[in-house]
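Reader: I would like a close look at one part of this model, the second largest pocket and the elements around it. Please take me through its lining, and then through the contacts and spaces that involve those elements.

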Amino acid sequence: MAKAIQPDDMTRYIEELFNITLHPTSVTWSNYKERYQILSATDSLPDLFATLTLSSTDNNDSATFTDMIETGSIRALPKDLSAYPALCNVLESISFTQYGDGQYYAIPRISFLDPVLGSTDAAMIVRRDWMDNLGLQDPENLDEFVALMAAFANNDPDGNGFDDTIGYNVNFLNALGKWVILGIAPECNVYTWVEEDGRFVPSWTTEAFRDVVSTYSLLYSTGGLDPEFYSKSPNNVMEDFASGKLGALEYKSSPNALLELKDKWDKLNDLPFEDCVDILPIFPAPDGVRYSNSSSIFWSESYLSSSVDDAKAERILALLEFLLSEEGQKMCHYGLEGTDYIEKDGQYQCLLEVQDENLITILTRKYPSLALFSGIATWGGGWDDFEINEMNDLRYGHFNTILARESAIWSRDNTIQIERPYDFLLFPKEATDQFSTSQAMDIFIKCIIGKEDALAQWDKALEDMREQGLDAYIHRQNVLFNAQSAAHMRTHRAAPPAP
């Protein structure tokens, strides 16, 4: 979009509809946090920008939220949001994200409003054909899962006579165990904070997390976990699976995620994706219960720069309201009505020629701005995206839609979703280098791959962190949260009933 000489037709449609002019600014996944810090320091932030703060599991990311407010980099939303009912509904569902002054600053980028669909953020994509070749069934406990991953790595599951296969890896290192840990210590699966004995503590400080350390050390020592898991990029891991090297990929199970994986597969693999790939059902945790992942309704947030005046803020919020609406979602999913699709009696018909490509690829090529419009307000969806119909077949592929739907329904009907204290999780923590999630993850990885006993290393690392003030840091975050919660309750206390 930023490289285009002229705005595409979707941009022109939006600009005319809202009487605005859009000037896109490019950032990348690898530098967006640092890029926004530089832009903030030079008073040149975009009017509207998205970054990861409150919804991050890392304390230092959430501390950025407070920092942007205190330094005056961003502005508050108007107090009267009645003109934006869809946006208002989203904000009211997470009213605890209001800052201490009672105002909203963060605009959530919605993932899934239905909590059940949050389970699709943690899935294990598996080579079902390899399992069949080895005569192995779905694992019903942790030991069977470890054995399955070791078999993928060591027992020539592709039958080519070479030692060239890998057991299990995760597409993004910070999500290591997001699915696996559900069967070990469920609340720990995203390395966030949990409630324990009346206070909140990082999940990695709990006794239950020691079982996670032991399991991953075992997975690594048996060869089931990719020996190079800690050094591979997300793209490398995806290509390992797509090219036929990796047997199990910890990933997501939404139709769009499966589409991304299948696109890589079709470029690197001659075998039919639908004949080889499946999604494993989660095995029971030690208490005998099958758990599924729980995610916040939003991942990352959009912000208004402090340079935005009230008139411009009104236009920005009107645009976001449109993108959250049914009309805006149809545009993001199907293109421009009358040009790319028509609707009749609630049914949608594609007007574009779709042959060997999917509709999402075609629309993104035709409208580079679609990447912005489909993500700045919401980039998730609802059960409509999991429905088996002609448009979803064109968008995601028939097999991907079926697989994603069956997995989501199985999870809904057979698992208990993890409960998380989102009011605390979305509360901005103090910045810390010593006790951040990323620091704990680095230590965790060193324990997995270290030559010494993993649990002994982990216990020693936690002991060192406690000597450096970990418990005091945890106590301060609880005190700060309780103070903010009390202030929030005073602000929202209902009027007393009439006598």
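**The second largest pocket and its surroundings**

Author: A residue that follows one of the strands makes a good point of entry: in this predicted model, E387 counts as partly exposed because its relative accessibility is 31%. The side chain of E387 meets that of R405 in a salt bridge, with 3.5 Å from N to O. E387 sits in the loop between β13 and α15, whereas R405 belongs to helix α16 (residues 398-414), so the pair ties together parts that are 18 residues apart in sequence. R405 is partly exposed as well, its relative accessible area being 22%.

The two elements on either side of that loop lead to the pocket itself, which has a volume of about 690 Å³. Its lining comprises 31 residues, and those closest to the centre of the pocket are Q329, H333, G382, D384 and D385. At least two lining residues come from each of α4 (85-93), β2 (107-112), α12 (326-334), β12 (347-350), β13 and α15 (390-396). Of the elements, α12 gives the most, with five residues. Sorted by class, the lining of this second largest pocket has 13 polar, 10 nonpolar and eight charged residues.

Strand β13, which covers residues 378-381, also holds W379. Together with W29 and W299, W379 makes a nonpolar surface patch of about 380 Å². W379 counts as partly exposed, because its relative accessibility is 32%.

A separate, enclosed space can be described alongside the pocket. The structure holds one cavity of 30 Å³ or more, and about 30 Å³ of space lies in the largest cavity. The residues that line this largest cavity are S111, F112, D114, P115, G118, D121, S295 and S296, and by class they are two nonpolar, four polar and two charged residues.

The salt bridge between R405 and E387 can finally be set beside others, since a search of the whole structure finds 23 salt bridges. One of them joins D47 to K312, whose closest N and O atoms are 3.1 Å apart. This pair links distant parts of the chain, for D47 lies in the loop between α2 (32-41) and β1 (48-51) and K312 in helix α11 (residues 310-324), 265 residues apart. D47 is partly exposed at 29% relative accessibility, and K312 is partly exposed at 38%. Another salt bridge, between D413 and R412, has its closest N and O atoms 2.9 Å apart.

Conventions. Residues numbered from 1 in each chain as written. Predicted model: local features only at pLDDT ≥ 70, side-chain atom pairs only at ≥ 80, totals over all residues. Heavy atoms only, no water. Patch = residues over 30% accessible without salt bridge, like charges linked within 9 Å, V, L, I, M, F, W, Y side chains within 5 Å. Areas by Shrake-Rupley, 256 points an atom, 1.4 Å probe, with all protein chains shown as cover. Salt bridge = Lys/Arg side-chain N within 4 Å of Asp/Glu carboxyl O. Helix = DSSP H or I, 4+ residues; strand = E, 2+ residues; numbered from the N terminus. Buried < 20%, exposed > 50% of the residue type's maximum accessible area, 1.4 Å probe, protein only. 1 Å grid on protein atoms, 1.4 Å probe; cavity = no way out; pocket = protein on both sides within 12 Å on 5 of 7 lines; lining within 4 Å. Points joined across faces, edges and corners; volume = space filled by probe spheres on them. Nonpolar A, V, L, I, M, F, W, Y, C, P; charged D, E, K, R; others polar.
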